[in-house]
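Reader: I would like to learn how to read a protein model feature by feature. Where do we begin?

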Amino acid sequence: MIPFRELAARGSAVADADLDRIAAAVRPDDDAHMLYTSGSTARPKGAPLQHGSLIENAFNIGERLHVGAEDRFWFAVSLFWAFGCGNALPNALSHGACIVLQEHFDAGEALRLIERERCSVIYVTANMTQALWDHPDRAARDLTSLRAGATLGTPEQIRRAADLGVRDICQVYGLTESYGNCAVTDASDPLELRLTTVGTALPGFTVRIVDPETERVLPAGEVGEIRLKGHVIRGYYKDPEKTADAFDADGFFRTGDLGTADAEGRLQFRGRLKEMLKTGGINVPPIEVEQILMAHPAVESAFVIGLPDPVVDEVPAAVVVLRAGMTVEAQALDAHCRAALAAYKVPRRYRFATPDDLPLTTTGKLQKNRLHELFEAAPAGRVA
């Protein structure tokens, strides 16, 4: 590692002609940097990202957010995450905007920075948005400079960002392997579309929805695996086996994510393929149950997994984080779910947890494959 303060000194003797020669030698298909997948469900994999796609895709993201040279980004997510170095940083650089970096996230400091620096674009995760909303200083801070931003989450979580003042908040979808994002809503889309979809594919991408069992390309409205062509990595670093597994016979990248596309090509994210539950032989997408649970006024977030069952293989179980100062019994959540879901989709077990109980990766992603440990570690709410 080279400390930043030493960087300029080390380059002081390098001639401009040498810099020009080195810069001219860089080609669009050269690797710019390598990110590692988060490892939330498997061992991290090295994803080399190329200069050309990195710049072009981030520029297209900025076009969806309507970014201009007058914009100032507030950002507190790690720059070694694709959300940072694959989206926010090259987005701002390619549009001449400014980035206001916060060393680590603190809601009070974030509100102060946004007000002082008159930030207009913010990059947030759902838990950050909630922390900003809940902070006691929010009402006293002038956030009228806010305009647009990038985030992901449930409709209720996206609406919270809009309520915070980010009126043109955009929902995004993508992976490290697709240069951060491959689909983004447009800042000018009606709010309802920005709440319920992740927008259309960015320029340079082709998207298919495929039945992963039959490899059949599915029509509009049907749930299947999202597959991509375009600004996608050529392969994983020194891992030919995982590279071969990652692409189908037509050269489309297997995202491992479930989704649908409407007749206009707008995508809806429907969860991870590996997280799909099968109870009594019937598929249950966890995100459907999670959205119903989070519609309850006492629930801040909910995460649904499958627990082993000797009769139906596995049953839905929910880890629930309540809003500050709120209480609710498992029986009440059960009744809430039964009013909106088929009986086989209703959680059979509930585990009430705090945000600190949740297993996270170093980049703050939930390790959903470890949530079963919460049911083993402490008593859970039970519903017969």
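Author: We go from the overall fold to the cores, then a helix, the surface and the salt bridges. Keep in mind that this is a predicted model.

Reader: What is the radius of gyration of the chain, and what does the globule rule give for 384 residues?

Author: First take stock of the secondary structure: the chain has twelve helices and 19 strands. The radius of gyration is 22 Å, close to the 21 Å from the globule rule for 384 residues, so the chain is as compact as a globular protein of that length. The C-alpha trace spans about 75 × 55 × 40 Å along its principal axes.

Reader: How should I read contacts and burial across the chain?

Author: For contacts, look at separation in sequence. Take the contacts with a separation of 6 or more: residues 24 or more positions apart account for 60% of them. For burial, buried residues make up 47% of the 384 residues. The accessible surface comes to about 18600 Å², and carbon and sulfur atoms hold 53% of that.

Reader: Which residues have the most contacts inside the largest nonpolar core?

Author: A core is read through its contacts. The largest one has 65 residues, and Leu 65, Trp 74 and Tyr 123 have the most contacts inside it. Take Tyr 123. Leaving out residues up to four places away in sequence, its partners include Ile 61, Leu 65, Phe 73, Trp 74, Met 128 and Ala 150. Polar partners are listed too, among them Asn 87 and Asn 91. A second, separate core has 18 residues, including Ala 298, Val 304, Cys 337 and Val 346.

Reader: Which residues of helix 7 are buried, and what do they pack against?

Author: Read a helix by its buried residues and their neighbours. In helix 7, residues 155–164, the buried ones are Ile 158, Arg 160, Ala 161, Ala 162 and Leu 164. They pack against helix 6, strand 6, strand 7 and helix 8. Then check the end of the helix. Gly 165 follows helix 7, and its phi is positive, near 125 degrees.

Reader: Which residues form a nonpolar patch on the surface?

Author: Leu 79, Leu 89, Leu 93 and Leu 101 form one, with about 360 Å² of accessible area together. Leu 79 sits in the loop between strand 3 and helix 4. Why is Leu 79 partly exposed? Because its relative accessible area is 33%, and partly exposed runs from 20% to 50%.

Reader: How many salt bridges does the structure hold, and how do I read one?

Author: The structure holds 25. Ask where each partner lies. Arg 112 and Glu 109 form a salt bridge, with the closest N and O atoms 2.6 Å apart. Both lie in helix 5, three residues apart, about one turn of the helix. Arg 112 is partly exposed at 28%, and Glu 109 is partly exposed at 28%.

Reader: What does the pair Glu 115 and Arg 141 tie together?

Author: Their side chains meet at 2.7 Å, N to O. Glu 115 lies in helix 5 and Arg 141 in the loop between helix 6 and strand 6, so the pair ties together parts 26 residues apart in sequence.

Reader: Is Arg 227 buried or exposed?

Author: Arg 227 counts as buried, at 1% relative accessibility. The side chains of Glu 215 and Arg 227 meet in a salt bridge, 2.7 Å from N to O. Glu 215 lies in the loop between strand 10 and strand 11, and Arg 227 in strand 11, so the pair ties together parts twelve residues apart in sequence. Glu 215 is partly exposed, at 38%. Now widen the view: Glu 215, Glu 225, Arg 227, Asp 248 and Arg 254 are linked in a network of salt bridges.

How values were computed:
Residues numbered from 1 in each chain as written. Predicted model: local features only at pLDDT ≥ 70, side-chain atom pairs only at ≥ 80, totals over all residues. Heavy atoms only, no water. Buried < 20%, exposed > 50% of the residue type's maximum accessible area, 1.4 Å probe, protein only. Helix = DSSP H or I, 4+ residues; strand = E, 2+ residues; numbered from the N terminus. Contact = heavy atoms within 4.5 Å. Patch = residues over 30% accessible without salt bridge, like charges linked within 9 Å, V, L, I, M, F, W, Y side chains within 5 Å. Areas by Shrake-Rupley, 256 points an atom, 1.4 Å probe, with all protein chains shown as cover. Salt bridge = Lys/Arg side-chain N within 4 Å of Asp/Glu carboxyl O. Rg over C-alpha atoms; globule rule 2.2 N^0.38 Å. Core = buried A, V, L, I, M, F, W, Y, C linked by side-chain atoms within 4.5 Å.
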